[in-house]
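User: I'd like to go through a few labels on this model and hear the reasoning behind each one. Can you take me through it?

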Amino acid sequence: MTVSVRAIGVAVPQTILHQDEIRDVFRDQPGRTRLAQRLIGAAFDASAIDTRHTVIDAFDHEVETTTAAFYDAAQRQVLSPPTGVRNDAYIEHAPPLLLEAARRALDAAPGLTAADVTHVVTASCTGFFAPGPEYLLVRDLGLDPGTERYHLGFQGCFAAFPALRAAEAFCTADPDAVVLVVCIELCSIHLRSSDDPDVILGSSVFADGAAAAVVTGRDTGSSAPVLEFDGWSTALVPDGETEMAWTIGDHGFEMVLSGAVPKLIGEHLEIALRPLLAAADDAPVSSIDRWAIHPGGRSILDRVQRGFGLDDELLAPSRTVLREYGNMSSATVLFILQRLLDDASADAEERVCALAFGPGLTIESALLRLRAGRP
């Protein structure tokens, strides 16, 4: 039995941050040093991001805000609410997005409905509440109350990979299983004004979004393209533990995102992918037809492209998602995989390599096959 992703649905908040405008807001905050102002300008301008989405609607002058604690629009001042207020925003704004993404994924899955779902797996690192996101999906989608529920918390940008691996394991154990995987991240509720280069870098790239995938090994009789799972690998980069981290502070979750991360990833990519390709009959990098690379930032994509000698076309899906949405942590790679599914031809038969990077420093990778479903 082959387990595959049958459909992916995504959702983003309505408020859009235009990168040049939000750059000026952060650069002009009271108390910023001249060096910090230069760093902010450089980080935002080099991000290769045009727009991002946020639940902080105080940035939208045309709506009545529910997030005035985060931004004083009249004074153009980024505020610093305590962690409890930030988490309250997560509790309020995360559920609608995760439900929207889940419904879109289920609506797009040929031959499957919410009634078929047997397992729910959620992932998030930007907020907490209980009963959690996986409970809300069962309740609000009208799933069977006996649906198995699992939540992966605080794993960072690579969390979609263990979530999908768990889904594959469930489907392998039970050929009739249908797993709904949902990643929901509200990174923007933790953005802060600061002179710290790590904080500045995070403020220039992170954004909000949700993505859901329907995973099963069932034969639904559909010929729509699917993404079949073909292998997984996890690697830990030596000496990278302090370069990317995610901790809880008094004024939000605090990201450590060192400028050394792209270099470390570039130096260890080949080693990280070696066991994955070896398990696929020593497949060469040149045999990979499509790439889905988590855009932790523009420089990370640049490193991967140079390291493997990839054409611009192969990086286009990742760069497009980065440009239009920024880095939405764990949800981002599913946005890229959705584009591959949507662009697949009816007779698709292509090998896909997906990559994501997160605290540890961890490199998660997967091989998939993009192909037409069984008629």
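**Helix pair and cysteines**

Analyst: Sure, starting with the helices: helix 8 and helix 9 run roughly antiparallel to each other. Bear in mind that this is a predicted model.

User: Why are helix 8 and helix 9 called roughly antiparallel?

Analyst: Their axes, for residues 298-308 and residues 312-325, cross at roughly 170 degrees and come within 11 Å. Angles over 145 count as roughly antiparallel, so the label fits helix 8 and helix 9. As for handedness, the crossing of helix 8 with helix 9 is right-handed.

User: Which residues in helix 8 and helix 9 meet?

Analyst: From helix 8 you get R298, L301, D302 and Q305, and from helix 9 D312, L315, S318, R319 and L322. Split by class, this contact has 4 charged, 3 nonpolar and 2 polar residues.

User: On to cysteines. How many disulfides does the structure hold?

Analyst: It holds 0 disulfides.

User: Why is there no bond from the sulfur of C157 to the closest cysteine sulfur?

Analyst: The closest one belongs to C125 and sits 6.4 Å away. A disulfide needs the sulfur atoms within 2.5 Å, so the C157 sulfur is too far from that of C125 for a bond. C187 isn't in a disulfide either: its nearest cysteine sulfur, again in C125, is 6.0 Å away.

User: And what makes C157 count as buried?

Analyst: Its relative accessibility is 7%, and buried means under 20%, so C157 qualifies. C187 is buried too, at 6% relative accessible area.

How values were computed:
Residues are numbered from 1 along each chain as its sequence is written. This is a predicted model: local features need pLDDT of at least 70, side-chain atom pairs count only at pLDDT 80 or more; totals for chains, interfaces and linings use all residues. Side-chain values use heavy atoms; hydrogens and water are left out. Axes are lines fitted to C-alpha atoms, for helices over the stretch in contact, and angles run from 0 to 180 degrees between N-to-C directions. Helices (H or I, at least four residues) and strands (E, at least two) are DSSP runs, numbered from the N terminus. Angles under 35 degrees count as roughly parallel, over 145 as roughly antiparallel, 65 to 115 as roughly perpendicular and the rest as oblique. A crossing is left-handed if the near helix is turned anticlockwise from the far one by less than a right angle, and right-handed if clockwise. Contact means heavy atoms within 4.5 Å. Ala, Val, Leu, Ile, Met, Phe, Trp, Tyr, Cys and Pro count as nonpolar, Asp, Glu, Lys and Arg as charged, and the others, Gly among them, as polar. Buried means under 20% relative accessible area, exposed over 50%, partly exposed in between (1.4 Å probe, protein chains only).
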